[in-house]
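Work through the exercises below with the sequence and the model open side by side. Each one sets a task and then gives a solution in steps.

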Amino acid sequence: MEQTWRWYGPSDPVTLADIRQAGATGIVTALHEVPIGEVWTEEAILERKRHIEWDDTTHPGKPRGLKWSVIESIPVHEDIKQGKPSRTKWIENYKQSIRNAGKAGIPVVTYNWMPVVDWTRTNLEMKLEDGARALQFSMNEYMAFDLFILQRTNAVQEYTEAQISAAKKTFESMSSEQQYVLQNNIIAGLPGGQQGYSLDDFRRRLDEYSEITPEVYRENLVYFLKQIVPVAIESGVRLAIHPDDPPISLFGLPRVVSTESDLQYIVSVADSIYNGLCICTGSLGVRPDNDLPGIVERLGEKINFLHLRSTQRSLDGSFHEASHLRGDVDMYNVMVAVLKEQKKRHAAHRQDEQIPMRADHGHTILDDLKKKTNPGYSAIGLLRGMAELRGLELGIEKSGVVYN
Ligand code: DNO
């Protein structure tokens, strides 16, 4: 695998030099400053690429040993997701951004198809028994927000009585400051996600989806893919759709990228390695019915990017981020399946034999506990995750199991 690292740009407290020392060779980043829907110009992409790949400040003209391998993400404008007539303009912009990424030589573009909110957690500082902090999605906190802070119309009908009373108990045990933190965690936007919303804004956004069923929402995705995949092919840019995180409906919104059959459907819309997947084991792994090693085996050919992490589920639908080799994800068998896929690519002389992967969502540990960091993206936790994963990869390779 190609070891990559998500870098949030020049203001990221984790520097390019830190990433190099962690042993990654690929950078995953985005032009976060470009408003959603606007064209990413070739100049702006090239300028960021130069910044990543050449250490002009300390050693002019010296390569840093890093390469911009993956764009994560070019976000998809809400009008495209909702299938509004104005989508035509935003899709043209999207195509242009892909062409420009291709001209700048960036091989992979990640995107997601989550409506209104990107990845969602209720608690960014869950305390683990060893003192480390982890991201968490607590079902009770989520329902407490939905029912008693957002007070969404229809929410009550979607939960059982037992769920409502558990959520009420949680809500009543929270101080108003804790309620505010919960609200912000959910709607203010996590790093790399959509823009943040105020409560009213958020309600308006949800209302826009009142008529959009999962079927319609999926048709809108098909429409988008039919438009952009030909451009991706022409531009030499492999697309990678990120699964829903978490892979369940939130706030009554449609979800169409949550299961293996969703992924099978998406790749069938345009059968090309350019219409590919980002397999995020932590997102998909929240559903016990997602067989991760099987998904990698069956959809392997279409995997253009890997987010490797693990989650630990609870019976009530809550989960938290586990360390990379623990939790509910069978990382050993996922890795075996990935290495088998790479072996097939090698035999087929595919250029993209080494699949880019990044360790995703580390715990906050050691010195980082005293620092201000991007939730899930502090250096030491990710370094631990990446080190464990590269050890696992090497061990499996040396054991010969992929050659049997
Ligand atoms: C969270 C990430 C998401 C992901 C986007 C892809 O850490 O996995 O922000 O990058 O959903 O579009």
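**Exercise 1: a salt bridge within a helix**

Lys-49 and Glu-53 lie about one helical turn from each other because they are four residues apart in helix α2 (residues 42-53), where helices (H or I, at least four residues) and strands (E, at least two) are DSSP runs numbered from the N terminus. The model is a predicted one, in which local features need pLDDT of at least 70 and side-chain atom pairs count only at pLDDT 80 or more, whereas totals for chains, interfaces and linings use all residues. Residues are numbered from 1 along each chain as its sequence is written, and side-chain values use heavy atoms, with hydrogens and water left out.

Task: state how the side chains of Lys-49 and Glu-53 meet.

Solution. Begin with the general point that side chains of opposite charge can pair when their charged atoms come close. The side chains of Lys-49 and Glu-53 form a salt bridge at 3.1 Å, N to O, the rule being a side-chain nitrogen of Lys or Arg within 4 Å of a carboxyl oxygen of Asp or Glu. Over the whole structure, the search returns 35 salt bridges.

**Exercise 2: the two domains**

Task: describe how domain 1 and domain 2 meet, beginning with the area that they bury between them.

Solution. First, set the bounds: an automatic or database domain assignment divides the protein chain into domain 1 (2-118 + 212-403) and domain 2 (123-205). Next, take the area: the two domains bury about 2400 Å² between them, 65% of it on carbon and sulfur atoms, buried area being the accessible area (1.4 Å probe) that two parts lose on being put together, summed over both. On the side of domain 1, Val-116, Phe-251 and Pro-375 lose the most area to domain 2, together 28% of what that side buries. Then look at the pairings: between domain 1 and domain 2 there are zero salt bridges. The elements giving two or more residues to the side of domain 1 that touches domain 2 are α3 (78-82) and β11 (319-322), and β11 provides the largest share, three residues.

**Exercise 3: backbone geometry and confidence**

Task: locate the cis peptide bond that joins Glu-72 and Ser-73, and then the one from Asp-245 to Pro-246.

Solution. For the bond between Glu-72 and Ser-73, omega is about -10°, and Ser-73 sits in the loop between β3 (67-72) and α3. For the bond from Asp-245 to Pro-246, omega is near 0°, and Pro-246 belongs to the loop between β7 and α11 (260-269).

Task: which helix has the lowest confidence, and which strand the highest?

Solution. Confidence is expressed as pLDDT, the predictor's confidence in each residue, from 0 to 100. Helix α9 (residues 199-207) is lowest, at a mean of 95, while strand β7 (residues 238-242) is highest, at 99. Across the protein chain the mean pLDDT is 97, and 100% of the residues reach 70 or more.
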